[in-house]
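Reader: Could we go through this model together? I would like to discuss its contacts, its surface and its pockets.

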Amino acid sequence: MEKRSFSWFTALNYFLLALFAFSMIYPFIYVLVYSLNDGKDSMMGALYFFPRKFTLDNYAQVFDNPQIWQAYKITILRTLLGTVLSVLLSTLMAYALAKKTLPGRTFFTFYIFLPTIFSAGFIPYFITLQKLHLINNFWVYVIPFLFNFMHIVIIRTFIQGIPEELEEAARIDGLGDFQIFMRIILPLSGPVLATISLFVGVMHWNDWFTGTYYVSNKSLIPVQTLLQQMLTEAEALSSSMQRAAQQGGQTVNVSAAGATPESLRMALLVITVFPILCIYPFLQRYFVKGTMIGSVKG
């Protein structure tokens, strides 16, 4: 066997890639370490890779809050329902637009493409949601996100790559368009559907904007909006603590268990990100394959 000669260029590439990977991973390590450390002790700083005073009190207090469970229920429900409906309707639209014989195909393509160029702005959008009775309504998390032009284009491009002979054989066997869609198109579109599902699911899971501006009912607030509110409260508390310290007296809001708003925020952040980190590895191979096929073919 030939021995590979040492290459400084290869070594430098590995070093830079390892450094880049570490810079991506370390923020997660930082948040995890602070979430597992005593809140009062964390205020002293100097926590890098391991907790100094290990505790699960931060997570215990987070899960003791009934608002957290309600927010999680809303987030999980909107993610599951929004993803299924969005992928199903986008796939139906893409399947129709993939047919060259569809009457008005060019018009419909331009019609769904037009909103990606022009936006009426925040106020008209808010008024539209208000007229549709979606303000302070759970469906405000689902209905406005049902269609996405780029998702439809990716799915359509994938469907156009499926051999037409399969559909012709199915029609000879007496299958209609809907049966062909359910029995042939959907099973063969697994990679691209997994990709779009990941796009839509992550968008729903990470969305905090909708709950902040279009929902005031606390029972309908998703977990990301709750986290954003905690971030705002933590920043306000930090500012008040700095002002108190400058005036000669400092008061810190620390619970009996040693948790602080900052440590609770870190624990909630870990709980929020953890489900996505668990799901992504199982969909990664579909994600890469579906993205490549949906963007290259056609």
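Author: The following exchange takes these topics in turn; please note that the model is predicted.

Reader: How many salt bridges does a search of the whole structure find?

Author: The search finds two salt bridges. In one of them, the side chains of Arg78 and Asp207 meet at 3.1 Å, N to O. Arg78 lies in helix H4 and Asp207 in the loop between H10 and H11, so this pair ties together parts that are 129 residues apart in sequence.

Reader: Is Arg78 buried or exposed? And Asp207, buried or exposed?

Author: Arg78 counts as buried, at 0% relative accessibility. Asp207 also counts as buried, at 12%.

Reader: What does Lys99 pair with?

Author: Lys99 forms a salt bridge with Glu167, and their closest N and O atoms are 2.2 Å apart. Since Lys99 is in the loop between H4 and H5 and Glu167 is in helix H8, the pair ties together parts 68 residues apart in sequence. Lys99 is partly exposed at 21% relative accessibility, whereas Glu167 is buried at 10%.

Reader: Turning to the surface, which residues form the nonpolar patch?

Author: The patch consists of Phe122, Ile123, Ile127, Trp208, Phe209 and Tyr213, with about 580 Å² of accessible area together. Helices H6 and H11 each give two or more residues to the patch, and H6 gives the most, with three.

Reader: And the largest pocket: which residues are closest to its centre?

Author: They are Pro115, Thr116, Tyr125, Pro144 and Phe147, out of 27 lining residues. The pocket holds about 890 Å³ of space.

Reader: How many charged residues are in that lining?

Author: There are none; the lining has 20 nonpolar and seven polar residues.

Note on methods. Residues are numbered from 1 along each chain as its sequence is written. This is a predicted model: local features need pLDDT of at least 70, side-chain atom pairs count only at pLDDT 80 or more; totals for chains, interfaces and linings use all residues. Side-chain values use heavy atoms; hydrogens and water are left out. Patches are made of residues with over 30% relative accessible area and no salt bridge: like charges are joined within 9 Å, nonpolar side chains (Val, Leu, Ile, Met, Phe, Trp, Tyr) within 5 Å. Accessible areas come from the Shrake-Rupley method with a 1.4 Å probe; for residues, only the protein chains shown count as cover. A salt bridge is a side-chain nitrogen of Lys or Arg within 4 Å of a carboxyl oxygen of Asp or Glu. Helices (H or I, at least four residues) and strands (E, at least two) are DSSP runs, numbered from the N terminus. On a 1 Å grid over the protein atoms alone, a cavity is a set of points where a 1.4 Å probe fits but cannot get out, and a pocket is an open set with protein on both sides within 12 Å along at least five of seven lines; lining residues have an atom within 4 Å of a point. Grid points are joined across faces, edges and corners, and a volume is the space filled by probe spheres set on the points. Ala, Val, Leu, Ile, Met, Phe, Trp, Tyr, Cys and Pro count as nonpolar, Asp, Glu, Lys and Arg as charged, and the others, Gly among them, as polar. Buried means under 20% relative accessible area, exposed over 50%, partly exposed in between (1.4 Å probe, protein chains only).
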